[in-house]
Structure formats: structure tokens, C-alpha cells
Amino acid sequence: MKTIQLGPDGPSVSQFGIGAMSFAGIYGDASVADSHAVLDACRAAGVSHIDTSNVYGNGRSEEIIGDWFAKTPGARQDMVLATKAGITRSPDRRFNNDPDYLEASLDESLQRLGVDHVDLFYIHRYDRSHSPEEVAGTLKRLMDKGKTRAVGFSEIAPSTLRRAFTECPIAAVQSEYSLSTRAPELGLVQTCRALGTTLVAFSPVGRAFLTDAPFSFDKVQSLAFTKGNPRFMQPNYDANIAATDGFRALAADMGEPAAALAIAWLIAQGDRVLPIPGTKDLAHLAELIRGTEIDLSAEDLMRIETVLPVGWAHGDRYNAAQWEGPERYC
């Protein structure tokens, strides 16, 4: 498993992490046993990064990870652990970056996780009632108290990252990034590279579009996020399946699972990009981890770009409600 440095001066971490949102049943039921089996398999494969949040299942994902740490000697020492806060779920104030709120949220996460600190604490959504500098100052104070070793932001603009960085080193910015979502290449990838910030790529297999087993339309209709998402609504859904059929054919021609090829493409974007796919299935996990073992040539990358050129996806990546919070910058 290839390792990279997390942030400009952070710890060594595998260039592949496990996103733990699936543990909370976001994309269908997930048992504790299945979630623990995924964590066991990740650890055995050399995956050293776990990413979660206090809102995944209202803390359920964190509880499952904490239970795994308690039952697995040495696991905490092997893992670079990240969580997030800042989404309130309140209709009156959906995002909150107040210092007291963030610290209280982190304290609750530490309790659920059964640890005295995390290695990386993110602002899950930037609250525009505070300046980036103010929020970075809050994060710096949490670092000074020893509650987190490093800090980050999720779904922010490059300009926000640059302003926050003036107050505190920002180790990571989390953003959707994949062959189906290339917007980070319009400034965020470049800014992260210039500052030494790691770009942590969530949904790296395009919410299953970039796999050999994309969600069926019936499955899409049963999931709260996808049934109202433009890319999964008709006629976009059928168009996106047709567009990615060529990618699946290319992967098969190369003798690789489609999910592995999608992960390999992200890793080929440089050592500041860290994909964090999520799964509760061991067979799918094996396909994802396989992507860390593939070295793509310039010819391979060109073939991938030919079948999935920039802008191929039909429909926006979020609907209007889902766009509340993430910063648009282009």
C-alpha cells in the first residue's frame, strides 16, 4: 500500500482510506459485523485511514468504529482517524461553526469513538457567518488542546482554503472528485498542491456509476440521496449508464474491475490526492483496494479520457437542496 504525507507536515498515511458513511446505512442496511469485517480487511491490507462524521447515522458510524477499536487490540495505533462536525440538521441553522459548538461536537465524537483525540478534524460544512480565518483559528485552538492532531475543511472553494491557511495549516480538504466529477481540477487541485494540503476524494467511484455493478434504477429510487439527485433521475440515469458502459468495457479489456480502474485514475492524479471509497461488502472492497496496485501508463490514461472525457456526465452532481452548504467556485 503506497503511503503519502497527510498535509504539509502531517503523518504518513495510506493513499487510500475507507469512508465510513456506508456503516450508517446511508446506501442500504449495514450490520455491525459487516462493518467490522471491512475494517479488519482494510487493516490487513495496509489501509491506515478511516473517515467518518458525527452526522453519519447521527453518530452511529462513530459508535461502530469505536466498538471496533475496543475489540481490536492495536487498531487505534494503526489508523489515522478523521471525523467532522458543522452540520446541525436544524431547519433554523443547518450549519454551525461557532467555537463552542464545534468543540462540544468533537467532544461527543471522541466519546463515541472511545478515544482522547482524532488525527484529523474537519469542518463538514463551512458556516458563512464566520470568516475562514475565524474558523481556522477555532481549529487551531482545538489542535492546541490536543483534541485533534490536524484539521481540514470539506466542500470549500480554493479561495476559502487560502484564507484559512493564513491562520492554521490545513492538512486536508475533502471534496467529491472522480472521473464523473472533475470540478476540483478548476482550482482546488492546484491550490492543494501549492499549499501541501491533501485533497481527500469522496465518492471516487461516482456513487457506483464507475463500477461493474452500478445501482439499478429501482435501487436508486429506494435511497434518499439518489432518488432526488439529477444524475440518477430519468433520462439522465439511462444516459449515464450508457456513457459508463464504455468504461466498464475498457476495464474488462485491461483485465481489471471498473472500480479498481477508477481508483487507479485518482491515485495517478498525484500524491496529494487520497480517495476514500465506502463499502460494506468485502468483495467490492477487494476491487477498490486493487486500484492501489495498478500503475497506469500515459497510454492507459489517454484511453480512459477517451471513453470518459471531461464533462461526460448527464445532470448536475447535486440538486438545489443538496447544493446548500458546499461552496461553488467556478
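On a 1 Å grid over the protein atoms alone, a cavity is a set of points where a 1.4 Å probe fits but cannot get out, while a pocket is an open set with protein on both sides within 12 Å along at least five of seven lines. A residue counts as lining when it has an atom within 4 Å of a point. Grid points are joined across faces, edges and corners, and a volume is the space filled by probe spheres set on the points. The idea is simple: rolling a probe the size of a water molecule over the atoms shows where empty space is left.

A word on the model first. This is a predicted model, with local features needing pLDDT of at least 70 and side-chain atom pairs counting only at pLDDT 80 or more, whereas totals for chains, interfaces and linings use all residues. Residues are numbered from 1 along each chain as its sequence is written, and side-chain values use heavy atoms, with hydrogens and water left out.

**Empty space**

The structure holds 1 cavity of 30 Å³ or more. The largest cavity has a volume of about 50 Å³, and its lining is made up of Glu176, Ser180, Gly206, Arg207, Phe209, Asn229, Arg231, Phe232 and Arg317.

Now for the pockets. The largest pocket has a volume of about 1300 Å³. It is lined by 44 residues, and the closest to its centre are Met21, Ile26, Tyr27, Arg207 and Phe225. Helix H9 (224-227) and helix H12 (282-290) are the elements that give two or more residues to this lining. Helices here (H or I, at least four residues) and strands (E, at least two) are DSSP runs, numbered from the N terminus.

The second largest pocket holds about 480 Å³ of space. Of the 24 residues that line it, the closest to its centre are Thr181, Arg182, Ala183, Pro184 and Arg317.

Here is how the linings divide by class. Ala, Val, Leu, Ile, Met, Phe, Trp, Tyr, Cys and Pro count as nonpolar, Asp, Glu, Lys and Arg as charged, and the others, Gly among them, as polar.

| Space | Nonpolar | Polar | Charged |
|---|---|---|---|
| Largest pocket | 21 residues | 11 residues | 12 residues |
| Second largest pocket | 11 residues | 4 residues | 9 residues |
| Largest cavity | 2 residues | 3 residues | 4 residues |

Arg207 deserves a second look. This residue lines the largest cavity and is listed among those closest to the centre of the largest pocket. Arg207 also has a positive phi of about 50 degrees although it is not a glycine. You'll find Arg207 in the loop between strand E9 (198-202) and helix H8 (217-222).

Another backbone detail sits in the loop between H9 and H10, where Pro235 lies. A cis peptide bond joins Gln234 and Pro235, with omega at about 5 degrees.

**How the helices pack**

For these angles, axes are lines fitted to C-alpha atoms, for helices over the stretch in contact, and angles run from 0 to 180 degrees between N-to-C directions. Angles under 35 degrees count as roughly parallel, over 145 as roughly antiparallel, 65 to 115 as roughly perpendicular and the rest as oblique. Contact means heavy atoms within 4.5 Å.

Start with helix H4 (residues 99-113), which packs with H5 at an angle of about 40 degrees, their axes 10 Å apart. H4 and H5 are therefore oblique to each other. Pro99, Leu102, Glu103 and Leu106 of H4 make the contact with Thr138, Arg141 and Leu142 of H5. Those residues divide into 4 nonpolar, 1 polar and 2 charged.

Next, the axes of helix H5 (residues 132-144) and helix H6 (residues 158-165) come within 8 Å and cross at roughly 55 degrees. H5 and H6 are therefore oblique to each other as well. On the H5 side the contact uses Pro132, Glu133 and Ala136, and on the H6 side Thr160, Arg163 and Ala164.

Finally, helix H10 (residues 236-253) and helix H11 (residues 258-267) have axes that come within 8 Å and cross at roughly 95 degrees. H10 and H11 are therefore roughly perpendicular to each other. Phe247, Arg248, Leu250 and Ala251 in H10 meet Ala258, Leu261 and Ala262 in H11. This contact has 6 nonpolar, no polar and 1 charged residues.
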